Amino acid sequence: MQIAIIGAGVIGLATAWRAAQGGAAVTLVDPAPASGASSVAAGMLTPVSELSYGEEPLLRLGLASRDRYGAFAAELAEATGLDTGYRDDGTLQVAFDADDLKLLDDLRAFQEGLGIPVEALTGRECRRAEPMLAPGVRGGLLAPEDGSVDPRRLAPALLAAGERLGVRLVRRRAEGVLVERDAAVGVRLDDGTEIRADRVLLAAGPWSGDLAGLPPGTVPPVRPVKGQVIRLRTPVPFLRRTTRGLVKGSSVYLVPRADGEIVIGATQEELGFDTRVTAGGLWELLRDARELLPGITELEFAEVTAGLRPGSPDNAPLMGPTALPGFYLGTGHFRNGILLAPVSADALAAMLLDGPVPEVAAPFSPARFSTEVQ
Ligand code: FAD
């Protein structure tokens, strides 16, 4: 089975690796692998604290992926010798004022109603868990099984694991999908070269709507949703685990890494393909982060970046076959693509190789947007 994958972000990379493990000959096409959202993302693995009303199927997919992460990271480390920075030390969500605490209480009731274990903490218990928190923090929730990974380590590990199994990387832009006799038969590159394949997977993140050659109705309804993040450095331990905060109704998170990096994120802006870093975006992040952890102003500034999340109409991914035979989608992972990489790769590789598809992936067929993709 020859498979061509357009896009080498975490979704394309992880699927290429799994498909190669399943015996496929895989070609990955990307002019700049892992240069999209996968290089900007904070890497939170937090299905529990990300939970939103009406997104229960997405929660189940997120939990299934989080539960695979430990084995996924270990398998990658064994295959490549590369560390992904995976941590499973929980996530603390804290409330800055009484209104924020009310929102957290509602979230806890919702989580408990779904049978998810979370621990309610007083302000004092929050500070015992994270001593750098501001004295005014009102209370919080601990999701003990959520964690994080470093996407900038994960992507090279996935690429190396795939290459060891013969995945071929073509550093060119895919211009279109080749269609013959009403079926996808490969990819046309920007230099005119053609790559023939039995199956084509489109995993180009927020650019997935830009390909030529697709029949009307098979173009995925994805859009870019901008996010700005700041990276700081600390030579001494500052935070023990991922800490998310509600500060006067606005959300901020801080993700610590073992090497001293702390990622502060993230804005959420509907501005098309705009990746400018703005003074206002940075100010909001630093303002809220400083309310929660006043000591961050002492840390060294390292980097600021903006990336584009691949958003879909219902905030959930599109995974599976389309109305065009041989043409599959693996896109629209929005805020959760790093978290969802293991389960998405398993599901997409199974679909591409006609294997058994995990049950939790069933609700994410592109067919749910039938007017757009069928
Ligand atoms: P991308 O990573 O965007 O990769 C797409 C790839 O396609 C790129 O490498 C690009 O070069 C390539 N490409 C584009 N067009 C073409 C073409 N025509 N031909 C060939 N290749 C092409 N998720 C989490 O789970 N946890 C988080 O904490 C988290 N934090 C985030 C914070 C921010 C600020 C942002 C922006 C995102 C965050 N995300 C997070 C979301 C996550 O980053 C995305 O869902 C995920 O990276 C999507 O992966 P992808 O492979 O679909 O797309």
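Two aromatic rings, from Phe, Tyr or Trp, count as a pair if their centres lie within 6.5 Å. Keep that in mind for the views below, which all come from a predicted model.

**Figure 1. Four aromatic residues gather in one cluster.** Take a look at Trp17, Tyr69, Phe72 and Tyr86, which together form a single aromatic cluster. Zoom in on two of its members: Tyr69 and Phe72 pair up edge-to-face, with 5.5 Å from centre to centre and 75° between the planes. Both of them sit in helix α2, three residues apart, which is about one turn of the helix. Are Tyr69 and Phe72 buried or exposed? Tyr69 is buried, and Phe72 is too.

**Figure 2. Tyr53 and Phe110 stack their rings.** Searching the whole structure turns up five aromatic pairs. In the one shown here, the ring centres of Tyr53 and Phe110 are 4.4 Å apart and the planes meet at 25°; planes under 30 degrees apart count as stacked, so this pair is stacked. Where do the two residues come from? Tyr53 is in the loop between β3 (44–45) and α2 (56–80), while Phe110 belongs to helix α3 (residues 98–113), so the pair ties together parts 57 residues apart in sequence. The partners have their own surroundings: Tyr53 is exposed, at a relative accessible area of 57%, but Phe110 is buried, at 14%.

**Figure 3. Two arginines lie over tryptophan rings.** Here's another way to use a ring. Arg18 lies over the face of Trp17, 4.4 Å from the ring centre. That's the Trp17 you met in the aromatic cluster. Over at Trp283, Arg287 lies across the ring face, at 4.7 Å from the ring centre.

**Figure 4. Domain 1 meets domain 2.** The domain assignment splits things up like this: domain 1 covers 2–42 + 153–221 + 313–369, and domain 2 covers 91–144 + 223–311. Their centres, taken over C-alpha atoms, are 31 Å apart. Domain 1 brings 17 residues to the contact and domain 2 brings 20 residues. Between them the two domains bury about 1,300 Å², with 61% of that on carbon and sulfur atoms. Which three residues of domain 1 supply more of its buried area than any other three? They are Val40, Ala42 and Phe334, which supply 46% of the area that domain 1 buries against domain 2.

**Figure 5. A salt bridge joins Arg153 and Asp259.** How many salt bridges are counted between domain 1 and domain 2? The count is one. In the bridge between Arg153 and Asp259, the closest N and O atoms are 3.5 Å apart.

Methods. Residues are numbered from 1 along each chain as its sequence is written. This is a predicted model: local features need pLDDT of at least 70, side-chain atom pairs count only at pLDDT 80 or more; totals for chains, interfaces and linings use all residues. Side-chain values use heavy atoms; hydrogens and water are left out. Rings of Phe, Tyr and Trp (its six-membered ring) pair if their centres lie within 6.5 Å; planes under 30 degrees apart count as stacked, over 60 as edge-to-face and the rest as tilted. Helices (H or I, at least four residues) and strands (E, at least two) are DSSP runs, numbered from the N terminus. Buried means under 20% relative accessible area, exposed over 50%, partly exposed in between (1.4 Å probe, protein chains only). A charge sits over a ring if NZ of Lys or CZ of Arg is within 6 Å of the ring centre and within 35 degrees of the ring normal. Domain bounds come from an automatic or database domain assignment. Contact means heavy atoms within 4.5 Å. Buried area is the accessible area (1.4 Å probe) that two parts lose on being put together, summed over both. A salt bridge is a side-chain nitrogen of Lys or Arg within 4 Å of a carboxyl oxygen of Asp or Glu.
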